[in-house]
Amino acid sequence: MYGVIHFVVKDMIVSQFGQEALDEILSVAGLEESQHFKLFYPYEDKVLEALLGATSKCLGLPVEMVLEVFGDYFITFSLRHGYDDMLRTLGCDMTSFIQNLDSLHSLLALSYDNMVAPSFRCETQQEGLLILHYHSTRTGYYPLVKGLLSAVAREIFNQNIDIVFVSSNRELVGQGRDQEHVIFHVSIPHNSETKMSSIGIADDSRTALSPAQKQDIIFQPVTLNKEQFATAFPYHLIFDEELRLLQYGKSVARLSPVRLREGIPVNTAFTITYPRIAFTVENVCRFINAIFILTVVPRVAGEGQQNQFSMKGQMIWLKDTRLVIFVGSPRLTSLKEMKKMNIYMADIPLYDVTREMVLLYQQRSAEIDITKELDETTAELKRMSRQLELEKQRTEKLLYQMLPEKVANQLKNGEEVEAEKFDQVTVLFSDIVNFTTIAAACSPMEVVSLLNELYHRFDKMTNKHSVYKVETIGDAYMVVSGVPDKTDKHAQRVADFALDMVSLAAEVLCPDTKKPLQIRVGLHTGPVVAGVVGVKMPRYCLFGDTVNTASRMESNSVPGRIHVSETTFRALQDHGYMCRCRGDVNIKGKGVMKTYFLIGSARHTVSEPLDSHVTLTLATGDPVSEDAMKDGLKEKDPNSHRTNGYIREPQKPDPNNPISPKASGLPQNNCPNNDLDMNRSPSPSSKCNDGGGATNITWCPLLKNTSGESADFKDNTSDPRHKAADLMPPSISSTHIIKGAHLCWGVSAAAQASVKHVSLVKIVGAEAPSRYGASIKDRRINDYDVGRFPAYSKTCTLL
């Protein structure tokens, strides 16, 4: 199969399904566009089979349908690419067109060496119905015929025909060869066909002679003896029904390597190369309208046919004498073949167009050689073009990592990039805590590896949150949102990115200490001016007081926290973000500014470090529901004693702290009686044991516990109404303490473990509350800010 067939399949896929579909099909088929689509190169049939099979698989169509669609497309493709005149002059109707397809294939064989073409023949059963016989050495391609003939009828004869598959079988053609024989019924619309006269039968439409005219004609019989006939038709054979050779032309006798003599079986000297049928009179009569190619039987078994003498011509059945005459001419395609076969122009009759065909083919052959070279050059250019496109994409991707796409495209087009003002953006700065110490303790390669690992994680998040990475200088990392693409969600995007940064930094360990890294983060919102600075290694830079203020927010931040300005806090309001109010802070170069620490949102939180800032007032831009708060503050990691770069060590009793267990003088080994029912009054046993008027609450000692879990204490409950399930301790993932909070009756002191970011619990019960089941209250924080807790528990929080 020649590459032109592959090329038409490729063109069909691209035109109807696009280049992406072709790329997928070629990948599945294991083919390359630059190697398997050269027009004048022969390929093995398995290449086309792989291409069609992959097309069927990728498009979800049966192979038969793919073949039929391809056959239809092949005709329209041929009509568009210079074969329209050849096809339109092949026949005046469908019958003559089909009958002459073999002649077309014979002509195309001059351009495509060793082309193995199928064979077609028709039988007319009744008006409007043809029996089409399709013969091919290839199996399974008959749906292609349906598409071809349907397109021919539609595009050339303006008809709609109906083609029905009847049968298919394998038939032997002699010498161990076989082929597929498929029969179709072709229904042609009534009165749309012109009946064609059979070869050798007179046309009845001619004007009949009158009797007087017939009497004036004197018939003079014309006879030729064998010598004259052999000279006039130097390439002919005559044989009878028994295949006995009766007569042959002079040139046949001279050029045939086999000695010819009358009476020998013709099939011992010649074989029928085309059509592929066994050499019998019955088969010859079946294909009487086809072109025949007879080849001399090789003298040596296994000898190739390329240099063998062959003739192309027509078989004529002489009904009266029941003889078959073959009239043809030498089958030659080039002067080179003539030299090999020792044939001269003088051996070709003057009336034979073979002379002109040889000379034309010689010129055509040179053109084909040039075309083949162009095919190779084109294929190589396409391959290089694809590689160039891939390299271009890689280069652009790298360029877009260094500059915004809009700015990069302007620079590529030679345009000047003017500075642009952005009214509202949010800028983020971060740095690594104690980076100077880390750099001094580690080798340069370790430092580079550390930064690469950290920044690689950050870079991935920039795509997730749609923020633009401006630059990195040493351990400093800077991003912005709202530049170069304006957005109203700039503060939310940077805030979410900052929360991810804090979590991701804890995943990277310091090469020296093997402890998680700690970072400081600062955010500020305001106007900036952005533009490209420099010609060599141009940089997209931000200018303005907003950048300076964001940098000051970072430098005045604390390890593990996200320091935000009041403008950023206002921009985050009404979007579910939680902050702690840091209050007024003296910022270098800016004076006193009110700032906040971002600790999370209802969607995303991070664990706060156990520092002095956990006692700061919780400030939210909008009310957060109880369930959302609990879900947002729930510890993600059950082993979260190592979170945000800090190992949560248990706090030691402070003798200077009046509410410390040791300083208070309260017993340190008892569990508070926290199992009061929310729907009843406290039991008498809830009175204080130390003679005071407070409820029976005792301080629990701080245990050496780094797992983050709370300690279990003895159950003091005597209420029989409590079930065993009620007495089970809650699932506490880590130590959490609330400072300055009041715990009312009916609320478990241990249940506060579901709240994070707290430092110490003070439980006071000097007066009985007016109602039970109240929630912990912390300064101005209302019930919804913290949430309600279970009424009883058998576990005390570590203090």
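**Strand pairing, helix packing and local backbone geometry**

The bridge partner of I238 in β6 is Q247. Strands and helices are DSSP runs numbered from the N terminus (strands: E, at least two residues; helices: H or I, at least four). Two strands count as paired if DSSP finds at least two bridges between them. The model is predicted: local features require pLDDT of at least 70 and side-chain atom pairs pLDDT 80 or more, while totals for chains, interfaces and linings use all residues. Numbering starts from 1 along each chain as its sequence is written, and side-chain values use heavy atoms, with hydrogens and water left out.

Confidence is reported as pLDDT, the predictor's confidence in each residue, from 0 to 100. The protein has a mean pLDDT of 74, with 72% of its residues at 70 or more. Among its elements, strand β16 (residues 562–565) has the highest mean, 95, and strand β23 (residues 795–796) the lowest, 30. Over residues 621–799 the pLDDT is below 50. In the model this stretch has 338 contacts beyond near neighbours in sequence. A contact means heavy atoms within 4.5 Å. Residues 192–206 also stay under 50, with 13 contacts beyond four places in sequence.

The secondary structure comprises 24 helices and 23 strands. Of the 799 residues, 47% are buried. Buried means under 20% relative accessible area, exposed over 50%, and partly exposed in between (1.4 Å probe, protein chains only). Among contacts between residues at least 6 apart in sequence, 64% join residues at least 24 apart. The exposed area is about 41,900 Å², 52% of it from carbon and sulfur atoms. Areas follow the Shrake-Rupley method with a 1.4 Å probe; for residues, only the protein chains shown count as cover.

Six strands form an open, antiparallel sheet in the order β6-β5-β10-β9-β8-β7. Its edges are β6 (245–248) and β7 (270–274), each pairing on one side only. Strand β5 (residues 236–240) pairs with β6 in the antiparallel sense over three bridges. The loop between β5 and β6 holds L243. Phi of L243 is positive, near 65 degrees, in a residue other than glycine. L243 is buried, at 10% relative accessible area.

At the other edge, β7 and strand β8 (residues 291–296) run antiparallel, joined by four bridges. F270 has V296 as its bridge partner in β8. Four of the five residues of β7 are buried. The peptide bond from Y274 to P275 is cis, with omega near -5 degrees. P275 lies in the loop between β7 and α13 (281–286).

Helix α7 (residues 101–108) contacts this region. Its buried residues are L101, D102, L104, H105 and S106. They pack against β7, β8 and β9 (310–318), among other elements.

Helix α4 (residues 63–80) has 18 residues. Its first and last C-alpha atoms lie 25 Å apart, close to the expected 26 Å. The expected span is 1.5 Å times one less than the number of residues. Buried positions in α4 include V66, F70, Y73 and F77. The buried residues pack against α1 (3–17), α3 (45–59), α5 (84–88) and α8 (142–155). G82 follows α4 with a positive phi, near 90 degrees.

Two further loops carry local features. S466 lies between α18 (444–465) and β12 (468–473). Its phi is positive, near 55 degrees. S466 is partly exposed, at 42% relative accessibility. The V483 to P484 peptide bond is cis, with omega near -5 degrees. P484 sits in the loop between β13 (476–481) and α19 (490–505).
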